[in-house]
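Thanks for sharing this one. Here are my notes, point by point, to read with the model open beside you.

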Amino acid sequence: MRLIKNLLALLVLAIGALWSLQGIGLVGGSFMTGQSQWLYIGIVAMLVGLVGLVWANRSRG
């Protein structure tokens, strides 16, 4: 179960990074490219992914 939680958190983190890079125009080929709102959405998604990683790996002792 821990592995699944980690994979989901990493997926959210990676998607957030992609959205942020598209928002600032470093990754092209999408309607999101150059749209600053995707930078902010991506940052929020990355934060959610980081919180998910911490949650998935917290000690249970």
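1. A word on terms before the rings: two rings of Phe, Tyr or Trp (its six-membered ring) count as a pair if their centres lie within 6.5 Å, and planes over 60 degrees apart make the pair edge-to-face. Please keep in mind that this is a predicted model. With that, a search of the whole structure gives two aromatic pairs. In one of them, Trp19 and Trp38 meet edge-to-face, 5.5 Å from centre to centre and with 65° between the planes. That pair links distant parts of the chain, with Trp19 in helix H1 and Trp38 in helix H2, 19 residues apart.

2. The other ring contact is between Phe31 and Trp38: the centres are 6.1 Å apart and the planes stand at 80°, so this pair is edge-to-face. Trp19, Phe31 and Trp38 therefore make up one aromatic cluster under the pairing cut-off of 6.5 Å between centres. How accessible are the members? Trp38 is buried, at a relative accessible area of 17%, while Trp19 counts as partly exposed at 26%. Phe31 is exposed, at 65%.

3. Now for helix H2 itself, which covers residues 36–56. Does the helix length fit what one expects, or how far apart are its end C-alpha atoms? At 1.5 Å a residue, its 21 residues should span 30 Å, and the end C-alpha atoms are 30 Å apart, which agrees.

4. Which residues of H2 are buried? They are Trp38, Gly42, Ala45, Gly49, Gly52, Leu53 and Ala56. Looking down the axis of H2, these buried residues fall within an arc of 100°, so they line one face of the helix. In general, an α-helix has 3.6 residues a turn, so residues three or four places apart point the same way. The buried residues of H2 pack against helix H1, residues 2–23. On the face turned away from the buried side, H2 carries the exposed residues Tyr40, Val44, Val51 and Val54.

5. Gly49 is a good place to look at the packing in detail. This residue of helix H2 is buried, with a relative accessible area of 1%. Beyond its neighbours within four places in sequence, Gly49 is in contact with Ala9, Val12 and Leu13. The C-alpha atoms of Gly49 and Leu13 are separated by 4.5 Å, though the two residues are 36 apart along the chain.

6. Ser36, also in H2, is partly exposed at 44% relative accessibility. Its C-alpha atom is 23 Å from that of Leu10, and the two residues are 26 apart in sequence.

7. Over in helix H1, I would look at Gln22. Gln22 is buried, with a relative accessible area of 7%. Which residues does Gln22 contact, leaving aside its neighbours within four places in sequence? They are Val27, Ser30, Met32, Thr33, Gly34 and Gln35.

8. One charge is worth a glance: Lys5 lies over the face of Trp55, at 4.3 Å from the ring centre.

9. Lastly, the annotation. An unreviewed UniProt entry places the feature "transmembrane region" at residues 39–56. In the model, that span is 100% helix and 0% strand, and its end C-alpha atoms lie 25 Å apart.

Technical notes:
Residues numbered from 1 in each chain as written. Predicted model: local features only at pLDDT ≥ 70, side-chain atom pairs only at ≥ 80, totals over all residues. Heavy atoms only, no water. Helix = DSSP H or I, 4+ residues; strand = E, 2+ residues; numbered from the N terminus. Expected span 1.5 Å × (residues − 1). Buried < 20%, exposed > 50% of the residue type's maximum accessible area, 1.4 Å probe, protein only. Arc of directions from axis to C-beta. Contact = heavy atoms within 4.5 Å. Phe/Tyr/Trp six-rings, centres within 6.5 Å; stacked < 30°, edge-to-face > 60°. Lys NZ or Arg CZ within 6 Å of the ring centre and 35° of its normal. UniProt positions renumbered as here; feature names shortened; annotations may be inferred.
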